[in-house]
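Colleague: Before we discuss this chain in detail, could you bring up the sequence and the coordinates, so that we can go through the side-chain pairings one by one?

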Amino acid sequence: MTPEEKNIIHRVISGDINAFEELVLANQKNVYNLALKMTKNAEDALDISQEAFIKAFRRIAAFRGDCRFSVWMYRLTHNLCIDFLRKKAVSKQTALYFEEECGETELSRIPDLRELPEDSIIRREKWETIAKAIDSLTLKHREIITMRSVLDMSYEEISSALGVTIGTVKSRIARARKSLMEILKERGTFP
């Protein structure tokens, strides 16, 4: 946990409810993106995100500080999503959608302004194919790929968030990548 996070959390515990807003602003996009990726529905993701922050606020005094606040929020969100998915049948259609700074939700891609328009279209089509392949992975594999490749979490952070050993994290990532490559090869995306 960073000293800044420690200070903010101390202020919240001491009764400064407005200080919690700083934690929300710093983490809301990642919490929403995770919920969206797991639930495959923007409205459900928004509901789960709100529930995660309410739960975090109510339990802030229980936060031990042995990891970053963002990892703790990830774990709360992850657990809420798992509970939600157990209760509801999940839709089969999804892509890697993320909320932009302006609040719009769109398919995530990294634009390369040096590309020709044709190259940009080819790149976007490949990214969409990869996103669809990720969506066809099992929940465990989709989750671990999202944590490592999309949210850029370290092995230690993933280990803490999922409550498993680093060895388990590494093996899950390896299996998820292998499954992803098999899917992409089957679809003829990559040799």
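Modeller: Let us begin with R68, which at 37% relative accessibility counts as partly exposed; please bear in mind throughout that this is a predicted model.

Colleague: With which residue does R68 form a salt bridge?

Modeller: The closest N and O atoms of the pair are 2.5 Å apart, which falls inside the 4 Å allowed for a salt bridge. R68 itself belongs to the loop between α3 and α4, whereas its partner lies in helix α7, 89 residues away in sequence. That partner is E157.

Colleague: Is E157 buried or exposed?

Modeller: The cut-off for a buried residue is a relative accessible area under 20%. E157 has a relative accessible area of 12%, so the residue falls under that cut-off and counts as buried.

Colleague: Which other residues of helix α7 are buried along with E157, and which helices do the buried residues of α7 pack against?

Modeller: Helix α7 covers residues 155-162, and its buried residues are E157, I158, S159, A161 and L162. The helices that these buried residues pack against are α4 (69-87), α6 (139-150) and α8 (166-186).

Colleague: Which residue just after α7 takes a positive phi?

Modeller: The backbone there has a phi of about 70°, and the residue that takes this value is G163.

Colleague: Which charged ends sit over the ring of Y155?

Modeller: The charged end of one residue, an arginine, lies 4.4 Å from the centre of the Y155 ring. The charged end of another, a lysine, lies 5.5 Å from the centre of that ring. The arginine is R148, and the lysine is K170.

Colleague: How many salt bridges are there in the model, and how far apart in sequence are D135 and K37?

Modeller: The count comes to four salt bridges. In one of them D135 meets K37, with the closest N and O atoms 2.3 Å apart. Because D135 lies in helix α5 (residues 117-135) and K37 in helix α2, this pair ties together parts of the chain whose separation in sequence is 98 residues.

Colleague: Are D135 and K37 buried or exposed?

Modeller: D135 has a relative accessible area of 7%, while the value for K37 is 3%. A residue is buried when its relative accessible area is under 20%, so D135 counts as buried, and K37 likewise counts as buried.

Colleague: Which residues are linked with R11 in a network of salt bridges?

Modeller: The side chains of E22 and R11 meet at 2.9 Å, N to O. This pair links helix α2, where E22 lies, with helix α1 (residues 3-13), where R11 lies, eleven residues apart. E22 is partly exposed at 36% relative accessibility, and R11 is partly exposed at 27%. The residues linked with R11 in the network are D16 and E22.

Colleague: Turning to the rings, how many aromatic pairs does the structure hold, and what is the geometry of F20 and F57?

Modeller: The structure holds two aromatic pairs. For F20 and F57 the ring centres are 5.2 Å apart and the planes meet at 70°; an angle over 60 degrees counts as edge-to-face, so the geometry is edge-to-face.

Colleague: Which helices does the pair of F20 and F57 tie together?

Modeller: The two residues are 37 positions apart in sequence. F20 is buried at 7% relative accessibility, whereas F57 is partly exposed at 31%. The helices tied together by the pair are α2 (residues 20-39) and α3 (residues 42-58).

Colleague: What is the geometry of F69 and W72, and where do they lie?

Modeller: The centres of the F69 and W72 rings are 5.6 Å apart, with 55° between the planes, and this pair is tilted. F69 is buried at 0% relative accessibility, and W72 is buried at 16%. Being three residues apart, F69 and W72 are separated by about one helical turn, and the helix in which they lie is α4.

Colleague: Finally, in what order do the elements run, and what share of the chain is buried?

Modeller: The protein chain has eight helices and two strands, which from the N terminus run α-α-α-α-β-β-α-α-α-α. Of its 191 residues, the share that counts as buried is 41%.

Note on methods. Residues are numbered from 1 along each chain as its sequence is written. This is a predicted model: local features need pLDDT of at least 70, side-chain atom pairs count only at pLDDT 80 or more; totals for chains, interfaces and linings use all residues. Side-chain values use heavy atoms; hydrogens and water are left out. Buried means under 20% relative accessible area, exposed over 50%, partly exposed in between (1.4 Å probe, protein chains only). Helices (H or I, at least four residues) and strands (E, at least two) are DSSP runs, numbered from the N terminus. Contact means heavy atoms within 4.5 Å. Rings of Phe, Tyr and Trp (its six-membered ring) pair if their centres lie within 6.5 Å; planes under 30 degrees apart count as stacked, over 60 as edge-to-face and the rest as tilted. A charge sits over a ring if NZ of Lys or CZ of Arg is within 6 Å of the ring centre and within 35 degrees of the ring normal.
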